[in-house]
Amino acid sequence: MNANRLTAHKNRYHSGQRTCDITVVGRDGRLRPCGKAFKNVHRLSYHKSSYHCGQQNCDVTEVGEDGQSRLCGKAYRSARALSDHKRRSHSGPKSCKITVFTEDGQLRPCGKVCKNNITLSVHKIRDHTGQQNCDMTVVGLDGQPQPCGRVCKNTQVLLNHKRMHRKPKPVDSNRNDFLSP
């Protein structure tokens, strides 16, 4: 290897740490340099061609937890990935249509409004998976035993509901079950 080629090789591959200076949108919605560090120019070049070639940033404005408007700013490698992200995350409010029992025993749609498809999915999994009926026997208004039948959204809620059945009930002084007619 001649001296010029050797110097060029050293400068390209052995010249110390390099930092990516491509501008991206940060989580706060502001433009900033990528900032990822690499040990040589070759790895930096590979990073730029793999991660920033055709990069698409989400330009949808959303309201953060602090109430301030900001850009979503998530970066995607292709227009298709960006389109999928927008469809899943920025699809607009969705309401839950799963049928549930109300406190008075009537059936109605859940109706919870979620900000997008992803949060609706999380709500359905968390709140409607594993609905179970209470199988405890209670005394109905007609004095006859009947199953409680309350639908609980998951096992924990069912256990909490069954505790209610175990609580002592107030005694009706006008009724005496121990005396025969």
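Let me start with His 161, which touches Cys 134, Cys 148, Arg 150 and Cys 152 once residues up to four places away in sequence are set aside. His 161 is found in helix 5, and with a relative accessible area of 8% the residue is buried. Please keep in mind throughout that this is a predicted model, and that every value I quote has been computed from it.

Staying in helix 5, which covers residues 155–166, we also find Val 157. Whereas His 161 is buried, Val 157 is partly exposed, at a relative accessible area of 28%. If we look from Val 157 to Asp 127, the two are 30 residues apart in sequence, and their C-alpha atoms are 10.0 Å apart in space.

Let me step back to the whole chain for a moment. The chain has 5 helices and 16 strands, and of its 181 residues 20% count as buried. The chain exposes about 13,900 Å², and carbon and sulfur atoms supply 52% of that area. If we take the contacts between residues at least 6 apart in sequence, 35% of them join residues at least 24 apart.

Now to the cysteines, since several of them have already come up. How many disulfides does the structure hold? The number is 0, and two cysteines let us see how that comes about in their own cases. A disulfide is a covalent bond between the sulfur atoms of two cysteines, and here a pair is counted when the sulfur atoms are within 2.5 Å. For Cys 58, the closest cysteine sulfur belongs to Cys 72 and is 3.9 Å away, which is too far for a bond. For Cys 96, the closest cysteine sulfur is in Cys 110, at 4.0 Å, and that is again too far for a bond. Both of these starting residues are covered: Cys 58 counts as buried at 2% relative accessibility, and Cys 96 is buried with a relative accessible area of 1%.

Cys 96 leads us on to the largest nonpolar core, which has 5 residues in all, namely Cys 96, Val 100, Cys 110, Cys 114 and Leu 120. As general background, nonpolar side chains in soluble globular proteins tend to be buried together. Within this core, Leu 120 touches Cys 96 and Cys 114, and beyond those it touches Lys 94 and Ser 95, again not counting residues up to four places away in sequence.

Let me turn next to helix 3, beginning with its charged residues. The structure holds 2 salt bridges. In one of them, Lys 86 pairs with Asp 59, and the closest N and O atoms are 3.3 Å apart. This pair links distant parts of the chain, 27 residues apart, because Lys 86 sits in helix 3 (residues 79–89) while Asp 59 sits in the loop between strand 5 (56–57) and strand 6 (61–63). On the helix side, Lys 86 counts as partly exposed at 30% relative accessibility, and on the loop side, Asp 59 is exposed, with a relative accessible area of 52%.

Another salt bridge joins Arg 87 to Asp 84, with the closest N and O atoms 3.1 Å apart. Here both residues lie in helix 3, and they are 3 residues apart, about one turn of the helix. Asp 84 counts as partly exposed, at 23% relative accessibility.

Which residues of helix 3 are buried? They are Leu 82, His 85 and Ser 89. Seen down the axis of helix 3, these buried residues fall within an arc of 60 degrees, so they line one face of the helix. As for what they meet, the buried residues of helix 3 pack against strand 5, strand 8 (75–76) and helix 4 (117–128).

I will finish with two residues from earlier in the chain. Pro 33 is found in strand 3, residues 31–33, and its C-alpha is 5.4 Å in space from that of Ile 22, although the two are 11 residues apart in sequence. Pro 33 touches Ile 22 as well as Cys 20, Asp 21, Thr 23 and Val 24, with residues up to four places away in sequence left out. Val 41, in turn, is found in helix 2, residues 41–52, and counts as partly exposed at 25% relative accessibility. Val 41 and Gln 17 are 24 residues apart in sequence, while their C-alpha atoms are 8.0 Å apart in space.

Key:
Residues are numbered from 1 along each chain as its sequence is written. This is a predicted model: local features need pLDDT of at least 70, side-chain atom pairs count only at pLDDT 80 or more; totals for chains, interfaces and linings use all residues. Side-chain values use heavy atoms; hydrogens and water are left out. Buried means under 20% relative accessible area, exposed over 50%, partly exposed in between (1.4 Å probe, protein chains only). Helices (H or I, at least four residues) and strands (E, at least two) are DSSP runs, numbered from the N terminus. Contact means heavy atoms within 4.5 Å. A salt bridge is a side-chain nitrogen of Lys or Arg within 4 Å of a carboxyl oxygen of Asp or Glu. A nonpolar core is a set of buried Ala, Val, Leu, Ile, Met, Phe, Trp, Tyr and Cys residues joined through side-chain atoms within 4.5 Å. Accessible areas come from the Shrake-Rupley method with a 1.4 Å probe; for residues, only the protein chains shown count as cover. The arc is that of the directions from the helix axis to the C-beta atoms.
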